[in-house]
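Good morning, and thank you for coming. I would like to walk you through one structure, residue by residue where that helps.

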Amino acid sequence: MFRSSTVKKKDEDPAHALNAALRLLTRREYSILELYTKLYQRYTKEAVKDAIKKCIDNNWQSEERYMEMLFNHLKNQCYGPRKVVMEATKKGVKAQYYQQYLDETDWIEIALAFLNKKISNDLELTFENKQKYLASLARRGFSTSDCLEAMERYESDHFLSN
């Protein structure tokens, strides 16, 4: 009636863990923390550490490449700097890898791109509508000043030119 639960023993072979890591890394970039978490489900701590060390030494895993991929994804989805920091921190990426992206990006342009996608041209921009779009930008990780500046630019581009 009741089955005895058998706990699967984790594989101790670092070569198996390395093969699994390489299978993962051939599909996409992973942060060290993500890779560790995925591998640790099936392999021992020592095997995972050895595999990850070999991946890093051979440049098969790179935090720089991972952060570039993550940043481009979030930027293309029109997310702001706070969202980038939150996602990078959640994935275990240190600030040294994403700070350059934060400093070199024109966040107002990204916020403006989001507004251009979201606001239909025939919509009258009432106070309530502005508040709605500003709140939407804030939820996407933009600072208040970036939100306001993007809204001002949007209005000047679309309403003052008519």
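Let us begin with Tyr-36, which is partly exposed at 24% relative accessibility. Please keep in mind that what you see is a predicted model. Tyr-40 is likewise counted as partly exposed, and its relative accessibility is 35%. These two tyrosines belong to helix H2, residues 32–40, and because they are four residues apart there, about one helical turn separates them.

How many aromatic pairs does a search of the whole structure find? The number is three. Tyr-36 and Tyr-40 make up a stacked pair, with 5.6 Å from centre to centre and 10° between the planes. Tyr-40 has a further partner: the charged end of Lys-10 sits over its ring, 3.4 Å from the centre.

Now to another pair. Phe-71 and Tyr-101 have ring centres 4.7 Å apart and planes at 20°; planes under 30 degrees apart count as stacked, and therefore this pair is stacked. Phe-71 is in helix H4, residues 63–76, while Tyr-101 is in helix H6, residues 95–104, so the pair ties together parts that are 30 residues apart in sequence. Phe-71 is buried, its relative accessible area being 4%. Together with Trp-107, Phe-71 and Tyr-101 form one aromatic cluster.

Which residues does Trp-107 touch, if we do not count those up to four places away in sequence? They are Phe-71, Tyr-79, Gly-80, Pro-81, Val-84, Tyr-101, Leu-102, Phe-142 and Asp-146. Tyr-79, from that list, also has a charge over its ring: the charged end of Arg-140 lies 4.1 Å from the ring centre.

Trp-107 leads us to the largest nonpolar core, which has 29 residues. Trp-107 is among the members that touch the most others, along with Met-67, Val-84, Leu-115, Leu-137 and Phe-142. Two or more residues of this core come from each of H4, helix H5 (81–90), H6, helix H7 (107–118), helix H8 (127–139) and helix H9 (144–158). H7 supplies the largest share, with seven residues. There is also a second, separate core of 15 residues, and Leu-24, Leu-35, Leu-39 and Ala-47 are included in it.

Let us look at two of these helices in turn, starting with H6. Its buried residues are Tyr-98, Tyr-101 and Leu-102. Viewed down the axis of H6, these buried residues fall within an arc of 100°, and so they line one face of the helix. Gln-96, Asp-103 and Glu-104 are exposed on the other side of H6. The cover over the buried residues of H6 includes H4, H5 and H7.

Next is H8. What span should its 13 residues have at 1.5 Å a residue? The expected value is 18 Å, and the C-alpha atoms at the ends of H8 are 18 Å apart, which agrees. Buried in H8 are Asn-129, Tyr-133, Leu-134, Ser-136 and Leu-137. Because these residues cover an arc of only 155° around the axis, they are on the same side of H8. They pack against H7 and H9. The face turned away from that buried side carries Phe-127, Glu-128 and Arg-139, which are exposed. Just after H8, Gly-141 adopts a positive phi of about 105°.

I will close with two individual residues. Lys-75 is found in helix H4. Is Lys-75 buried, exposed or partly exposed? With a relative accessible area of 32%, Lys-75 is partly exposed, because buried requires under 20% and exposed requires over 50%. Leaving aside neighbours within four places in sequence, Lys-75 is in contact with Thr-105 and Ile-110. Ile-110 is 35 residues from Lys-75 along the chain, yet their C-alpha atoms are separated by 7.2 Å.

The other residue is Leu-18, in helix H1, residues 14–27. Leu-18 counts as buried, at 14% relative accessibility. Not counting residues up to four places away in sequence, Leu-18 touches Ala-51, Lys-54, Cys-55 and Trp-60. Leu-18 and Tyr-40, from the pair with which we began, are 22 residues apart in sequence, and their C-alpha atoms are 12 Å apart in space.

Thank you for your attention.

Key: Residues are numbered from 1 along each chain as its sequence is written. This is a predicted model: local features need pLDDT of at least 70, side-chain atom pairs count only at pLDDT 80 or more; totals for chains, interfaces and linings use all residues. Side-chain values use heavy atoms; hydrogens and water are left out. Rings of Phe, Tyr and Trp (its six-membered ring) pair if their centres lie within 6.5 Å; planes under 30 degrees apart count as stacked, over 60 as edge-to-face and the rest as tilted. Buried means under 20% relative accessible area, exposed over 50%, partly exposed in between (1.4 Å probe, protein chains only). A charge sits over a ring if NZ of Lys or CZ of Arg is within 6 Å of the ring centre and within 35 degrees of the ring normal. A nonpolar core is a set of buried Ala, Val, Leu, Ile, Met, Phe, Trp, Tyr and Cys residues joined through side-chain atoms within 4.5 Å. Contact means heavy atoms within 4.5 Å. The expected span of a helix is 1.5 Å times one less than its number of residues. The arc is that of the directions from the helix axis to the C-beta atoms.
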